Amino acid sequence: MNSAVLKGLKPAVAYVLRLRAAGDSRKALDGFTQLYRGWNLQKVGERGYSARMEHAGGGVIFRQLFEPVSCTYTYLLADPGSKEAVLIDPVLETVDRDVKLIDELGLKLKVAVNTHCHADHITGTGLLKKKLYGTKSAISRHSGAKADIMLSDGDSITFGKHCLNVRNTPGHTDGCVTLVTGDQSMAFTGDALLIRGCGRTDFQQGCSKTLYNSVHTQIFSLPGHCLIYPAHDYKGQTVSTVYEEKKFNPRLTKSLEEFVKIMANLNLPKPAKIDVAVPANLVCGLHDV
Ligand SMILES: N[C@@H](CCC(=O)N[C@@H](CSS)C(=O)NCC(=O)O)C(=O)O
Ligand SMILES: [Fe+2]
């Protein structure tokens with residue numbers, strides 16, 4: 001079991017314990033199975049339900065990697081048979097870490113994909129192309145950025161017997177996409193949907209109405225047990241589910257009108273690197289490197 005899975009287990013266990021403390025074991029089990037449907041649950045001991053969870057995604061190699069300055073998550077997915085790999089949202093400063101891991105696992109990086117033109121850090125896709133021969137970069141055709149593969153809604157990025165399906169989820173930027181595994185067990189939501197939050201909409205073509213519509217139609221329509229992996233987290237949270245975000249997201253559970261008001265009053269400072277990151281990311285992060 002990898003550490004991301006272990007961390008993902010903690011909120012589910014806390015949830016079950018809360019329900020069990022309230023004397024509702026049946027509901028506790030229902031909640032647990034709803035949250036993690038498709039994982040290996042086992043009854044252990046008399047006191048009810050413990051769980052042994054192996055991996056989501058049916059045999060996919062999966063790593064969640066963190067870059068602490070911009071609080072960015074990079075995700076590595078690979079097919080164990082063919083060794084083909086995809087890297088989602090690599091960061092320039094952690095390219096060597098990613099290359100080392102890919103080499104150690106004996107993988108071939110097929111595609112390095114950005115969920116959008118990031119404003120807070122420089123992407124590692126351009127440098128990865130130089131370091132790992134044969135890698136192709138990818139980004140939405142609505143992003144305004146250059147890449148080898150220009151993604152459209154409905155496209156698939158395949159790696160061995162696995163794939164990531166592209167869903168356009170604009171609103172944080174015009175070119176935001178959510179990448180969903182073929183079995184809909186995992187969704188990489190970029191900055192469209194964050195854990196108990198969402199991407200800001202006050203720069204780069206941001207539009208809160210568009211974001212609300214994207215999340216509700218393209219992400220909240222996925223199965224409740226689908227794991228949500230965002231591009232950032234600023235509080236140490238690692239993973240959520242569609243079920244949890246539909247129930248507990250403090251912004252997106254509100255009406256559209258309330259959401260628009262919340263987003264207009266976030267008053268966040270501009271990302272420190274925005275003026276260098278955006279021009280660099282328009283050219284795969286290779287600007288002035
Ligand atoms: N302090 C950080 C930038 C933080 C930030 O603005 N994050 C973005 C995602 S990166 S474009 C965001 O949408 N945040 C939403 C939120 O509610 O926090 C820096 O200086 O880099
Ligand atoms: Fe962003």
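# A tour from Y229 outward

Start by selecting Y229. Leaving out residues up to four places away in sequence, Y229 touches Q64, Y73, Y75, M186, A187, F188, T189 and V239. Keep in mind as you click around that this is a predicted model.

Now widen the selection to the core around that tyrosine. Y229 is among the residues with the most contacts inside the largest nonpolar core, together with A85, V86, V113 and A187, and that core has 66 residues. Strand β4 (residues 72–78) supplies the largest share of this core, 5 residues. As a rule, nonpolar side chains tend to be buried together in soluble globular proteins.

Zoom out for a moment and colour by secondary structure: you should have 8 helices and 16 strands on screen. Of the 289 residues in the protein, 47% are buried. If you draw a contact map, look at the pairs at least 6 apart in sequence: 60% of those contacts join residues at least 24 apart.

Next stop, L164. Is L164 buried or exposed? L164 has 27 other C-beta atoms within 10 Å, and 20 or more is the cut-off, so this leucine is buried. L164 sits in strand β10 (residues 162–168). Apart from its neighbours within four places in sequence, L164 is in contact with V86, S156, I157, L179, V180 and T181. Try a distance label from L164 to L77 as well: the two are 87 residues apart along the chain, yet their C-alpha atoms are separated by 9.6 Å.

Stay with β10 and show its sheet. Six strands form an open sheet with mixed pairing, in the order β9-β10-β11-β12-β15-β16. β9 (156–159) and β16 (240–241) stand at the edges with a single partner strand each, so one side of each has no neighbour in the sheet. Inside the sheet, pick strand β11 (residues 177–181) and strand β12 (residues 186–190), which pair in the antiparallel sense over 2 bridges. L179 stands opposite F188 in β12.

Now move to strand β7 (residues 136–140). Why call β7 largely enclosed by the rest of the structure? Because 4 of its 5 residues are buried. Two strands to show alongside β7 are β6 and β8:

- Strand β6 (residues 108–113) pairs with β7 in the parallel sense over 3 bridges; select V111 and you will find its bridge partner K136 in β7.
- Strand β8 (residues 149–151) also pairs with β7 in the parallel sense over 3 bridges; here A138 has I149 in β8 as its bridge partner.

Turn on helix α4 (residues 125–131) too: with β6 and β7, α4 makes a right-handed β-α-β unit.

For the ligand, select ligand 1 and its surroundings. Which residues surround ligand 1? The shell is S70, A119, D120, D191, G197, G199, R200, H232, L268, P271, A272 and K273. By class, the shell holds 4 nonpolar, 4 polar and 4 charged residues.

Finish with two backbone oddities for the Ramachandran plot. Most residues other than glycine have a negative phi. C71 has a positive phi near 55°; C71 is in the loop between β3 (61–67) and β4, and is partly exposed, with 15 other C-beta atoms within 10 Å. Q205 is not a glycine, but its phi is about 60°. Look for Q205 in the loop between β14 (197–198) and α5 (208–219); Q205 is partly exposed, with 17 other C-beta atoms within 10 Å.

Note on methods. Residues numbered from 1 in each chain as written. Chains lettered and ligands numbered in written order. Predicted model: local features only at pLDDT ≥ 70, side-chain atom pairs only at ≥ 80, totals over all residues. Near = placed C-beta within 6 Å. Nonpolar A, V, L, I, M, F, W, Y, C, P; charged D, E, K, R; others polar. Buried ≥ 20, exposed ≤ 12 C-beta atoms within 10 Å, placed from the backbone. Contact = placed C-beta atoms within 7 Å. Core = buried A, V, L, I, M, F, W, Y, C linked by C-beta atoms within 7 Å. Pairing = 2+ DSSP bridges. Right-handed = clockwise from strand over helix to strand, strands pointing away.
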